[in-house]
Amino acid sequence: MGSQFAAPSGWKQLDVAVIGGGIGGLSTAIALRRSGHKVTIYERADFAGEKGASVSCAANGTRWLEEWGVDVQKGDPVHLKKLISRDWYTGEPYSVYDLEDYHVRWGYVYWMFHRQYMHAMLKDTALQEEGEGIPAKMIVNHKCKDIDLEKGTVEFDNGVTVTHDLIVGADGIGSAVRGIVGIHPEKRPAPSSCLHANVMTEDAVRLGLTDYSADNALEYWGGQEGKFDKIVLSPCNGGKLLSYYCFFPREKGDYTSQAWGAEDLPVEDLLAPYPELDKRVRDHLAIGIEVQPWRLWVHDPYPFMNKKRVAILGDAAHPMMPHQSQGACMAIEDAAALGIVFSKKYFNGDVEAALQVYSDVRLPRASKVQAAAAKAAYNINERIGFSSNTDVEGYNVEDESAKLTIEEMNGYDMYRDVEEKIAKRDGAQVNPKFITGLPVGLKLSNGVTIGQ
Ligand SMILES: Cc1cc2nc3c(=O)[nH]c(=O)nc-3n(C[C@H](O)[C@H](O)[C@H](O)COP(=O)(O)OP(=O)(O)OC[C@H]3O[C@@H](n4cnc5c(N)ncnc54)[C@H](O)[C@@H]3O)c2cc1C
């Protein structure tokens with residue numbers, strides 16, 4: 001969909017510092033490299049490798065990977081064909097969202113990656129010679145301590161200081177940059193806890209257990225009737241690995257102060273909260289390896305995402321519960337928004353003004369997903385995809401007209417949203433065919449039609 005937007009004059013190449021080399025930081029480096037800028041990533045760890053397990057990438061994230069020319073196959077992904085919500089006790093499907101027509105409908109695939117592979121895939125694209133733009137640089141062992149917001153000078157805890165035109169805080173949920181720009185969140189422990197385990201498909205099949213990899217599906221047990229007990233199964237590494245996220249009420253086990261990466265927990269800890277769980281999946285958990293706690297903290301939306309020449313993004317800007325599987329996609333969308341506002345088509349040379357557009361575009365959308373992720377913690381019907389299955393027996397959501405829908409996630413056009421925000425800022429005419437990036441006439445599965 002084209003636009004009549006007139007490109008401003010004044011574009012200039014920026015020397016950008018990205019603080020943090022995770023999924024958001026690497027995506028930012030790719031997006032800004034593609035827009036013609038020079039990027040240096042400063043990572044606190046000695047090697048910016050990733051811990052953890054599966055990360056899904058829905059169409060709203062995949063579209064940017066494709067636009068940036070990321071070689072997705074390097075991530076050894078699983079092409080998801082279904083979302084399946086199952087009964088806690090019997091394992092019978094309760095709500096199924098078919099993704100067979102997903103690519104035709106939205107133009108992009110729903111992928112499931114393993115985090116390490118996804119991270120390596122993004123890192124290669126950001127740093128390699130091949131591809132459009134100047135290859136980004138990554139400097140490890142640099143932990144950001146302070147930033148002079150006026151001058152753009154970053155101070156690291158090893159005593160090094162650097163000065164850049166633009167600084168992007170992509171330093172994750174415990175962000176230092178967030179505090180430096182003046183946001184001091186009041187976080188609280190989530191009402192549920194999460195343990196993660198991996199199951200090798202080969203081991204499960206050898207023991208005669210169900211081969212869930214054959215479903216090519218993101219599968220859920222429970223999470224219905226206001227209960228926090230929920231198992232989420234994500235097949236990754238081409239189906240060879242099954243990644244299990246296991247949620248239960250915090251009263252049954254509190255892991256809020258335990259970090260991922262310590263010694264593996266015994267499998268008994270994983271099984272203890274679930275005596276009545278469908279035996280087929282419980283047998284899988286019984287052969288689970290690398291049992292690790294995933295700390296869950298609730299953060300309410302923050303008031304802004306920019307100050308002076310500094311922006312925050314990803315988990316630093318809007319940490320969210322995992323129940324919409326959108327944390328990584330939101331970080332990728334943030335990166336895409338930075339790529340757009342600093343592109344030749346939209347950047348007029350004023351860094352602070354461009355960052356204001358970035359925040360105006362990203363804050364409402366990410367905050368809506370953040371709120372919807374908290375609701376989906378105890379009601380699977382609120383989860384994108386299942387929220388369209390309104391004819392399922394027992395279907396209910398807190399507020400039908402406000403629920404998050406697949407149409408607004410995937411039918412969104414960020415370029416049009418950026419143009420709308422710039423037009424509003426400049427008092428110019430707004431494209432009448434879009435409202436906050438959603439095409440007028442788009443029917444959402446909550447009964448709302450955009451523009452009516
Ligand atoms: C175990 C686990 C499983 C997940 N599963 C999913 C999923 O299935 N789907 C999904 O969409 N999301 C998932 N998420 C969430 C998703 O991974 C995050 O939302 C996403 O990684 C956010 O990216 P980020 O770049 O903002 O933060 P991160 O990926 O956390 O990266 C932050 C980086 O900044 C570095 N850093 C921190 N402080 C500093 C500093 N002061 N100076 C320099 N560097 C610093 C860190 O070392 C790290 O490399 C999962 C998260 C976890 C932990």
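User: Hi! Which residue of β17 stands opposite Ser 193?

Analyst: Phe 248 stands opposite Ser 193. Residues are numbered from 1 along each chain as its sequence is written. This is a predicted model in which local features need pLDDT of at least 70 and side-chain atom pairs count only at pLDDT 80 or more, while totals for chains, interfaces and linings use all residues.

User: What makes β14 and β17 a strand pair?

Analyst: Strands here are DSSP runs of E with at least two residues, while helices are runs of H or I with at least four, both numbered from the N terminus. Two strands pair if DSSP finds at least two bridges between them. There are 9 bridges between β14 and β17, which run antiparallel, so the pair meets that condition.

User: And how do you know that β16 pairs with both β15 and β17?

Analyst: By the bridges again. β15 and β16 share 4 of them in the antiparallel sense, with Gly 222 partnered by Lys 230. On to β17: 7 bridges join β16 to β17, also antiparallel. Among the partners there, Ile 231 is matched with Cys 246 and Val 232 with Tyr 245. The hairpin of β16 and β17 has 4 residues between the strands, and Asn 237 takes a positive phi near 50° in that hairpin.

User: Which strands form the sheet with mixed pairing, and what makes two of them edge strands?

Analyst: Seven strands form that open sheet, in the order β6-β5-β15-β16-β17-β14-β18. The edge strands are β6 (93-98) and β18 (289-294), as each pairs on one side only. Neighbouring strands are turned by 15° against each other on average, direction ignored; the axes behind such angles are lines fitted to C-alpha atoms, for helices over the stretch in contact, and the angles run from 0 to 180 degrees between N-to-C directions. At the β6 end, β5 (residues 82-86) is joined to β6 over 5 antiparallel bridges, and Lys 82 has Asp 98 as its partner.

User: Why is β16 described as mostly covered?

Analyst: A residue is buried if 20 or more other C-beta atoms lie within 10 Å of its own, exposed if 12 or fewer, and partly exposed in between, with C-beta atoms placed from the backbone. In β16, 7 of its 7 residues are buried, so the description fits. Lys 230, Val 232, Ser 234 and Cys 236 point one way, whereas Ile 231, Leu 233 and Pro 235 point the other way. That matches a general pattern: in a regular strand the side chains alternate between the two faces of the sheet. β17 is mostly covered too, with 8 of its 9 residues buried.

User: How do you know that the buried residues of α8 line one face?

Analyst: The buried residues of α8 (residues 279-286) are Val 281, His 284 and Leu 285. Seen down the helix axis they fall within an arc of 100°, so they line one face; the arc is that of the directions from the axis to the C-beta atoms. Elements covering them include β14 (192-200), β16 (230-236) and α7 (267-271). As for its placement, α8 lies across β14, β15, β16 and β17, at about 105° to β17.

User: Why is Val 78 called buried, and what does it touch?

Analyst: Val 78 has 25 C-beta neighbours inside 10 Å, so it counts as buried. This residue is found in β4 (residues 78-79). Contact means C-beta atoms, placed from the backbone, within 7 Å. Leaving aside neighbours within four places in sequence, the contacts of Val 78 include Met 112, Asn 216 and Pro 235. Val 78 and Ser 213 are 135 residues apart in sequence and 9.4 Å apart in space, C-alpha to C-alpha.

User: What surrounds the ligand, and which element supplies the largest share of that shell?

Analyst: 36 residues surround the ligand, and the closest are Gly 20, Gly 22, Gly 24, Gly 314 and Gly 327. The test is a C-beta atom, placed from the backbone, within 6 Å of the molecule. The largest share, 4 residues, comes from α9. α1 (23-34), β3 (54-57) and α9 (327-341) each supply at least two. By type the shell holds 17 nonpolar, 14 polar and 5 charged residues. Nonpolar means Ala, Val, Leu, Ile, Met, Phe, Trp, Tyr, Cys and Pro, charged means Asp, Glu, Lys and Arg, and the others, Gly among them, are polar.

Conventions:
Two residues are in contact if their C-beta atoms, placed from the backbone, lie within 7 Å.
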